[in-house]
Amino acid sequence: MKYKTLGNTGLFVSELCLGTMTFGGKGLWSNMGNVQQGDAQALITRALEHGINFIDTADIYSNGVSEEMIGQSLKSLGVRREDVVIATKVCGPMGPGPNEAGNSRAHIFDSIKASLKRLQLDYIDLYQLHNFDDVTPIEESLEALDSLVRQGLVRYVGVSNWSAWQMARAIGHSERLNIVKIATSQNYYTLAGRDIEREIVPFLDAEKLGLLVWSPLAGGLLSGKFGRGRQVEEGSRRSTFDFPPVAMDRAYDIIETMERIGAKKGVSAARIALAWLLHQSRVTSVIIGAKTVNQLDDSIGSTEVSLNSDEMAELDKVSRLPPEYPAWMQRSRQVPARPPLGKIVDAAQ
């Protein structure tokens, strides 16, 4: 297992992160999985054995049950707090009241206390705003997060599912107010969905933010169970919850390419999809979910898959985004490389 710094921080996290959206199986989340306490503990045990030190959850997952299962598992296993990096999120509705959702100071303060209690922890390593709140001023949300950091309840902060311009505003406000800045962005990114390469990835590169990837298999579509003309497997996630949205004809072309490369290497198509992400230098950690230990083992096996330049080019070609303005215009009128300003001045003298 390799480890990378969490964005522009000194905290190291494993290149794979254990996602726990499958824990609990309550309400809407039953579509993702129905992992109960014993199996959840087994998954966490196996992840730790493989060197995964990063676990991601959210208060909204099964209405807090996912956090409870993580907390109980870590306690039962006797895991040292220093040996795990725990990330959770806030924003989604946790009750029927108008103030039980969003990124307001009130909801953030209420939610951190509840998450810490469920997780049985004194602090959260990475606390993320799960979505953009177009009602609450960004300054209010950021100042609330800064307060949590100063209190020692949170170590680092991040966002999830924000646009590049929204993150740019957040960083600008943080610098102006001299408060904590976001360190990470958690985004949907996969061979079947490379949309973040248009604006978000260049922004993350420019600001040195960490990129955490959710749904790397496109909601199970790239798991190897699906393909052009195949019968949808009963009980699979995609058969009951068709999310995230995907252009299916294009996705089937990608799946066929993945399967061809996987067959040559003797590995599953899912490992190829994950390995492609692990070969992207911009990616900090890929969040992998599982219902069984066998599924988790197969995903972890992606860290041992090496893709050569021809294979990467083949995958890039079949999954490449169509050109979009203004990117195609900027590329067609690319400013030629110029010497540094100092050399220009020297030449003038």
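A residue counts as buried when its relative accessible area is under 20%. With that cut-off in hand, let us look around this predicted model, starting with a glutamate.

**Glu 67 and its surroundings**

Glu 67 is part of helix H2. Its relative accessibility is 0%, so Glu 67 counts as buried. What does the side chain of Glu 67 make a polar contact with? The partner is the side chain of Ser 115, at 2.9 Å. Beyond its neighbours within four places in sequence, Glu 67 is also in contact with Thr 57, Ala 58, Asp 59, Thr 88, Arg 118 and Leu 119.

**Helix H2 against helix H1**

Two packed helices can be described by the angle between their axes and the distance between those axes. For helix H1 (residues 37-49) and helix H2 (residues 65-77), the axes come within 9 Å and cross at roughly 65°. The crossing of H1 past H2 is right-handed. On the H1 side, the residues involved are Gln 37, Ala 40, Gln 41, Ile 44 and Thr 45. They meet a set of H2 residues that includes Glu 68, Met 69, Ile 70 and Leu 77. Sorted by class, this contact holds six nonpolar, six polar and one charged residues.

**The nonpolar cores**

The largest nonpolar core has 86 residues, and those touching the most other members are Tyr 127, Met 167, Leu 222, Met 258 and Leu 307. Helix H9 (residues 269-278) gives the most to this core, namely nine residues. Met 167 is worth a visit in the viewer. Leaving aside neighbours within four places in sequence, Met 167 is in contact with Val 159, Trp 162, Ile 182, Ser 185, Ile 200, Phe 203, Leu 204 and Leu 209. A second, separate core has 10 residues, among them Cys 17, Val 85, Ala 87 and Ile 287.

**Backbone details in the loops**

Two non-glycine residues with positive phi are set out here.

| Residue | Phi | Loop | Relative accessible area |
|---|---|---|---|
| Gln 120 | near 55° | between helix H3 (105-119) and strand S6 (124-129) | 38% |
| Asn 161 | near 65° | between strand S7 (154-160) and helix H5 (164-177) | 31% |

Are these two residues buried or partly exposed? Gln 120 is partly exposed at 38%, and Asn 161 counts as partly exposed at 31%.

Another loop holds a cis peptide bond, which joins Tyr 325 and Pro 326 with omega about 5°. Pro 326 sits in the loop between helix H11 (309-319) and helix H12 (327-332).

Methods
Residues numbered from 1 in each chain as written. Predicted model: local features only at pLDDT ≥ 70, side-chain atom pairs only at ≥ 80, totals over all residues. Heavy atoms only, no water. Axes fitted to C-alpha atoms, helices over the stretch in contact; angles between N-to-C directions. Helix = DSSP H or I, 4+ residues; strand = E, 2+ residues; numbered from the N terminus. Left-handed = near helix turned anticlockwise from the far one by under 90°. Contact = heavy atoms within 4.5 Å. Nonpolar A, V, L, I, M, F, W, Y, C, P; charged D, E, K, R; others polar. Core = buried A, V, L, I, M, F, W, Y, C linked by side-chain atoms within 4.5 Å. Buried < 20%, exposed > 50% of the residue type's maximum accessible area, 1.4 Å probe, protein only. Polar contact = N/O pair within 3.5 Å; in protein donor to acceptor, adjacent residues only side chain to side chain.
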